[in-house]
Amino acid sequence: VKDYRRALRTLEQLPATLRPVALARPGFLRAVASLQRAMGNLGSADGLLRRALEAESAGGATPSFYTQLQVAQVWLEQGQHDRAIRMFGELVKNYPDNPDSWKGLVAGLHQDKRDPEALEVSGRIPADASQRLGDDTDYLALMASVYSANGQNDQALRLVRQAAARY
């Protein structure tokens, strides 16, 4: 059992001299944001991730893929579909072989009720990323929903069965 509250309490007990140093590190901010997100504290996670983005983009640098991905995921969970879709779109453009970018983009389009577009996007996923997503039961369930929303129920049923076989 994951004890997120205990992990956050441990972080709160950081010595006062270490806290500002830790909070200036994007990796630390991402880790704490992950804990906050897991506990459903999306506003806190968003704030921490914005700080990580600011730190990483200082001096004109490009923020890390992982920070951008977490930001987009939090926005999606907050219902900020347009913002999430734009961020996932940028990630797909800049990191086309990363399956998480594609999964997020398809999920954002589906949640925004843009299922024909989600289906079209899923057809553009590069082979390597598509193969990895084929082993992801969450993605298979997502695509089953997309196919169903597009009236392609036979394809949806095939994906549901494929996902169920993985359990």
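1. Aromatic pairs. In this predicted model, a search of the whole structure finds two aromatic pairs. One of them joins Phe65 and Tyr66, whose ring centres lie 5.1 Å apart with the planes at 80°, so the pair is edge-to-face, given that planes over 60 degrees apart count as such. The two partners sit in opposite surroundings, since Phe65 is buried, with a relative accessible area of 7%, whereas Tyr66 is exposed, with a relative accessible area of 54%.

2. The pair of Phe65 with Tyr95. Phe65 also forms an edge-to-face aromatic pair with Tyr95, for which the distance is 4.9 Å centre to centre and the angle between the planes is 65°. This pair links distant parts of the chain, because Phe65 belongs to helix α5 (residues 65–77) while Tyr95 lies in the loop between α6 (81–94) and α7 (99–111), and the two residues are 30 residues apart. Tyr95 has a relative accessibility of 29% and therefore counts as partly exposed.

3. The aromatic cluster. Taken together, Phe65, Tyr66 and Tyr95 form one aromatic cluster, in which Phe65 takes part in the pair with Tyr66 as well as in the pair with Tyr95. With respect to accessibility, the cluster includes a buried residue, Phe65, an exposed one, Tyr66, and a partly exposed one, Tyr95.

4. Packing of α3 and α4. Helix α3 (residues 26–38) packs with helix α4 (residues 42–56) at an angle of about 165°, and the axes of these helices are 8 Å apart. As angles over 145 degrees count as roughly antiparallel, that description therefore applies to α3 and α4. The crossing in which α3 passes α4 is left-handed.

5. Residues in the α3 and α4 contact. On the side of α3, the residues that meet α4 are Pro26, Leu29, Arg30, Val32, Ala33, Gln36 and Arg37. Their counterparts in α4 are Leu42, Ser44, Ala45, Leu48, Leu49, Arg51, Ala52, Ala55 and Glu56. Sorted by class, this contact of α3 with α4 comprises 10 nonpolar, two polar and four charged residues.

6. Backbone at Lys113. A separate point for checking concerns Lys113, which has a positive phi of about 65° although this residue is not a glycine. Where does Lys113 lie? Lys113 is found in the loop between α7 and α8 (115–122), and, at 70% relative accessibility, Lys113 counts as exposed.

Methods:
Residues numbered from 1 in each chain as written. Predicted model: local features only at pLDDT ≥ 70, side-chain atom pairs only at ≥ 80, totals over all residues. Heavy atoms only, no water. Axes fitted to C-alpha atoms, helices over the stretch in contact; angles between N-to-C directions. Helix = DSSP H or I, 4+ residues; strand = E, 2+ residues; numbered from the N terminus. Parallel < 35°, antiparallel > 145°, perpendicular 65-115°, else oblique. Left-handed = near helix turned anticlockwise from the far one by under 90°. Contact = heavy atoms within 4.5 Å. Nonpolar A, V, L, I, M, F, W, Y, C, P; charged D, E, K, R; others polar. Phe/Tyr/Trp six-rings, centres within 6.5 Å; stacked < 30°, edge-to-face > 60°. Buried < 20%, exposed > 50% of the residue type's maximum accessible area, 1.4 Å probe, protein only.
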